[in-house]
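Student: I've got a model open and I'd like to learn how to read it. Can we go through it together?

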Amino acid sequence: MMRPVMTGFVALLLSALCCLTAAQGRFPAPTEVRMADDGEDDEGSKAIVTWQAPSVAEIDGYMLGGYEVHLQQLGGLYLGRMAFSTTRPAKEWELVALLPDVEATEIQLGDVVPWRRYLARVTAVYAPAGEALQASEDDPLKLANRDVGRSAAAMSAAPVSPAGKTYNRKRTNVLVWVLGYSAIVLLTIYLARRREIYIRPIAGLEAVNDAIGRATEMGRPILYIAGLSGIGDIATIAAMLILGHLAKRTAAYETPLLVPCQDPIVMTVQREIVREAYLEAGKPQNYEPENIFFVTDSQFGYVAAVDGIMMREKPAANFYMGYFYAEALILAETGSASGAIQIAGTDADTQLPFFITACDYTLMGEELYAASAYLSRNPLLVAQLKGQDIGKIVIIAMLLLGAAAATLGAHYVDWEFVKSFVEWFEVQR
Amino acid sequence: MADAEQSSQLIILGLSLNPQVVGLWLQAALTFAILSFLIGDNPVYKFAEHLFVGISAGYGVVIVWKQAVLPLLIFKLLPQLGPKPDELADYWVLIPGLLGLMMLARFIPRYDWLSRYPIAFTVGLFMGAGIPAVVQMNLLQQAQATMKPVLGLGSIEWGLALSCLVVLVGVICTLTYFYFSRPHEGVLGVTSKIGIWFLMVAFGAGFGNTVMARMSLLIGRVEFLLYEWMPIVSVHLSKYVQ
């Protein structure tokens, strides 16, 4: 009884499969499907798939309407460039593009994983004559047409691995500036060994020693806040250098130094810096790691806690160095109300006005970066400062030349070289 | 139905309150607690402060776990545990994972030196990646935006040229203010003084702009108290009066 049923079922399945194959075979498939790295200056996240249109565009009342492009990632162990891939597919074929365009013979895919190996396949999609293929409004990878015919899938011959480029030609101007600026700084460091370099007085930094003295005389702590940015921010690095100098002085005078932190990595670095400073000052026994503590990484949670510390501990001096956001005024106002002498330094131009109004001294922008050289008078740092100054002269010269070039370019429109001078500064994406 | 509604409500001081109303009361109470700092440090503010810090720190841990550790480390190494089980494992993440674990070595005094490696790596990485970005954004883009026609020649209007000239003069004079290795005397003294004026005008505009933004934040809080919390207060008061 079971045998005829099974035979019938298999026959039915085979006939259905044959019908499907016949239906697919009815429609001509695209040819010469190739996949290639896009060859542009990218990190390897793009690939290009090309193909040739089918030889016949109309068959049995159906017209060629567009193409579907699928990708398949091959399996293996990938460690960046070092790939030990296999021919075994890691995933099923994934539809990555639907092109309802009969003329299309190429597509750039922008979402591939660098160095992984891929195969591509293209299917021609046919719609009844007079009907255009349309992508669904809800899903751009789905067809809105109900009655369509698909060719057999044409697959690319060999797998391709999209490669990231080592050198991005669009960033040549950045490289030139970095190398030029570095050369200037290195040269000034070399020259600075022969003679002393002058640094103009910076009022905010002159007041640092006064603030430490005041705290020592009053027997109250110093509060140091290194901004709310991460360790990767230049302002935070500058704040760390100032903290090192400050900690050396507080260690010498045995003045407590409180450093509430908002970022755990910054806190770890600050502990190392302060510990080092206490060692250099010859007072390692006075170093108290618990005075450099993590509060919370929530912006206003941190502010609420620091405000509380200001009102309870009554520090004699507050230092705000680094990058600040909306909390700048809240902190500076509370510090002012607590009666502390306040010195701020930030390159956050939106917050500078608040520090200028609420603090006794403010280091603006680059004054913050200059602080470590100013305070330590370390010849290396001072020479760097001189190098930066020379860099500024170069920038001013470039600005004047650029403005002149732009002005001449507006009048003499055929002077291409003056336009190209300004265009050289363009940051290309 | 009525019983179900009754059971979802909280009974406080004889008043049946739904959780939304309790939430509004909490918001209002905490707003007043934080604002009480205006009269000085006090126990109510202390309570709100500690609550805020504690909750935000706890929330931060959950966020790091959910948005960093799980998707960027565990699901990358063991994709079958994550939302994309057919993805390939990415063993590159073992390196940052190991560096992260080395940070935890600070808890073991004998091995706390291990934590210096991830710190050095992080600082070096951010500095290296940051320098080209700074050159692009703070130097090249700004320089190109300053290099504009400063005379009304050709198709350039005089008004536009004049504003470009003001920008150019402002940028150059401000740069000279940040020139540190020479006394600000003579020409440098004049240009740096003009530069500081430009800075102060910019800061004044920025101050006014931000103060208005802060006022809108305050208005938002006052609106909450007036239009969301006060109506509930009046309802409760009227019940007591009756």
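Tutor: Sure, let's begin with helix length: the expected span of a helix is 1.5 Å times one less than its number of residues. Helices here are DSSP runs of H or I, at least four residues, and strands are runs of E, at least two, numbered from the N terminus. Keep in mind that this is a predicted model, where local features need pLDDT of at least 70, side-chain atom pairs count only at pLDDT 80 or more, and totals for chains, interfaces and linings use all residues. Residues are numbered from 1 along each chain as its sequence is written, while chains are lettered from A and ligands numbered from 1 in the order in which they are written.

Student: What span should the 17 residues of helix α5 of chain A have?

Tutor: At 1.5 Å a residue, α5 (residues 264-280) of chain A should span 24 Å, and its end C-alpha atoms are 24 Å apart, which agrees. Just after α5(A), Gly282(A) takes a positive phi of about 75°.

Student: Which residues of α5(A) are buried?

Tutor: Buried means that 20 or more other C-beta atoms, placed from the backbone, lie within 10 Å of the residue's own. In α5(A) the buried residues include Val266(A), Met267(A), Arg271(A), Ile273(A) and Tyr278(A). What they pack against is α4 (234-253), β12 (257-261) and β13 (292-294) of chain A, together with α5 (116-146) of chain B. Over chain A, buried residues make up 40% of the 429 residues.

Student: How do I read the overall shape of chain A?

Tutor: Take the radius of gyration over C-alpha atoms and set it against the globule rule, 2.2 Å times the number of residues to the power 0.38. Chain A has 11 helices and 16 strands. Its radius of gyration is 34 Å, well over the 22 Å that the rule gives for 429 residues, so chain A is more spread out than a compact globule.

Student: And how are β1, β2 and β7 of chain A ordered?

Tutor: Two strands pair if DSSP finds at least two bridges between them. In chain A, an open sheet of 3 strands runs β1-β2-β7, with antiparallel pairing. β1 (31-37) and β7 (106-109) stand at the edges with a single partner strand each, so one side of each has no neighbour in the sheet. Strand β2 (residues 47-52) is joined to β7(A) by 4 bridges, and Ala47(A) has Leu109(A) as its bridge partner.

Student: How many residues of chain B are in contact with chain A?

Tutor: Contact means C-beta atoms, placed from the backbone, within 7 Å. By that test, 55 residues of chain B touch 61 residues of chain A. The largest share of chain B's side, 15 residues, comes from α5(B).

Methods. A residue is buried if 20 or more other C-beta atoms lie within 10 Å of its own, exposed if 12 or fewer, and partly exposed in between; C-beta atoms are placed from the backbone. Two residues are in contact if their C-beta atoms, placed from the backbone, lie within 7 Å.
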